[in-house]
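Open your viewer, get the chain on screen, and follow along. We'll go from one selection to the next and look at what is there.

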Amino acid sequence: APTRAAARGKARAEVEEAAIAAGKVAVFAFAGEDTYSVRDHVIQALTDRGIKVETALPPVDTVEQYRDMGAVMDVAAYVHGHVKEMPADHAVATIVIRSGVTGRKLTTATFTGYRRGLPYDVEEKLWQRLGATFKRACVAATKPRPRHNQPMLIEAGTPL
């Protein structure tokens with residue numbers, strides 16, 4: 001007979017899978033040198049897991065803007081990063097994950113390797129290192145969220 005803990009674990013896994021299937025992650029342009037290939041491999045790693053990826057959103061400056069954009073665009077998490085080339089044909093990719101619900105930074109991961117192989121290392125190891133964070137962000141995004149700011153209303157004179 002299955003134990004209660006096993007049943008709870010199975011239910012949690014089903015909730016996580018449903019949240020990931022419904023989740024949307026925004027991937028912003030990365031900063032630094034030769035960033036496109038690393039960003040492309042991050043996008044590939046997420047789409048391989050069944051996550052919808054939004055790549056056309058403009059980066060914003062404040063936690064409130066992240067939170068508001070997450071509520072309007074139904075984004076569970078944001079990914080942005082920086083690629084820095086090092087001597088001896090090495091590079092370092094720093095990847096930051098932000099919550100779409102709170103707008104705050106959830107975690108940062110650094111990947112180091114040879115310049116040409118780094119994008120493939122990121123794609124291969126991204127989910128292993130950051131999958132739990134993405135799952136938590138997707139689950140948090142499925143819960144009802146309070147509206148923090150009122151929608152912007154533009155007074156443009158008298159109605160016609």
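Start by selecting Asp74: this residue comes right after helix 3, and its phi is positive, near 60°. Keep in mind as you look that this is a predicted model. Asp74 is a residue other than glycine, yet its phi is positive. Where does Asp74 sit? Its place is the loop between helix 3 (63-73) and strand 4 (77-86). Switch on the surface for Asp74 and you'll find a partly exposed residue, because its relative accessible area is 46%, and partly exposed covers the range between 20% and 50%.

Now step back into helix 3. Select Tyr66, Arg67, Met69 and Gly70, which are buried. Turn the view until you look down the axis of helix 3: the buried residues fall within an arc of 165°, so they line one face of the helix. What covers these buried residues? Color strand 4 and strand 5, since both are included in the cover.

Next, travel along strand 4 and out of it. Select Ala88, in the loop between strand 4 and strand 5 (90-99). Ala88 is not a glycine, but it has a positive phi of about 60°. Is Ala88 buried or exposed? It is exposed, because its relative accessible area is 62% and the cut-off for exposed is over 50%.

Now move on into strand 5 and pick Ala91. Ala91 counts as buried because its relative accessibility is 2%, and buried means under 20%. Which residues are in contact with Ala91, leaving aside its neighbours within four places in sequence? Show Lys84, Glu85, Met86, Phe111, Thr112, Gly113, Arg115 and Leu118. Then try the distance tool on Ala91 and Arg116: they are 25 residues apart along the chain, and their C-alpha atoms are separated by 8.6 Å.

For another pair, jump to helix 1 (residues 4-22) and select Lys10. Lys10 counts as exposed, because its relative accessibility is 56%. Draw a line from Lys10 to Ile51: the two are 41 residues apart in sequence, and 20 Å lie between their C-alpha atoms.

Time to look at the nonpolar cores. The largest one has 25 residues, and those with the most contacts inside it are Leu46, Val79, Ile95 and Phe134. Which elements give two or more residues to this core? Color strand 1 (24-27), helix 2 (35-48), strand 4, strand 5, strand 6 (105-114) and helix 4 (118-142). Helix 4 gives the most, with seven residues.

Stay here and zoom in on Phe134. Not counting residues up to four places away in sequence, Phe134 touches Val25, Leu46, Ala77, Val79, Ile97 and Trp127. Apart from the largest core lies another core, of eight residues. To find this other core, select some of its members, including Val60, Met69, Val75 and Tyr78. You have met Met69 already, as one of the buried residues of helix 3.

Finally, zoom out and show the chain as a cartoon. How many helices and strands are there? The chain has four helices and six strands. Trace the elements from the N terminus and you'll read α-β-β-α-β-α-β-β-β-α. Rotate the C-alpha trace: along its principal axes, it spans about 65 × 60 × 20 Å.

Color by burial next, and you'll see that buried residues make up 37% of the 160 residues in the chain. If your viewer can list contacts, take those between residues at least 6 apart in sequence: 61% of them join residues at least 24 apart. Turn on the surface for the whole chain. Its accessible area comes to about 10,000 Å², and 54% of that belongs to carbon and sulfur atoms. For a last selection, color the charges: there are 22 positive and 18 negative ones, and their mean positions are 9 Å apart.

Conventions:
Residues numbered from 1 in each chain as written. Predicted model: local features only at pLDDT ≥ 70, side-chain atom pairs only at ≥ 80, totals over all residues. Heavy atoms only, no water. Buried < 20%, exposed > 50% of the residue type's maximum accessible area, 1.4 Å probe, protein only. Core = buried A, V, L, I, M, F, W, Y, C linked by side-chain atoms within 4.5 Å. Contact = heavy atoms within 4.5 Å. Areas by Shrake-Rupley, 256 points an atom, 1.4 Å probe, with all protein chains shown as cover. Lys, Arg positive; Asp, Glu negative; His and termini not counted. Charge placed at Lys NZ, Arg CZ, Asp CG, Glu CD. Arc of directions from axis to C-beta.
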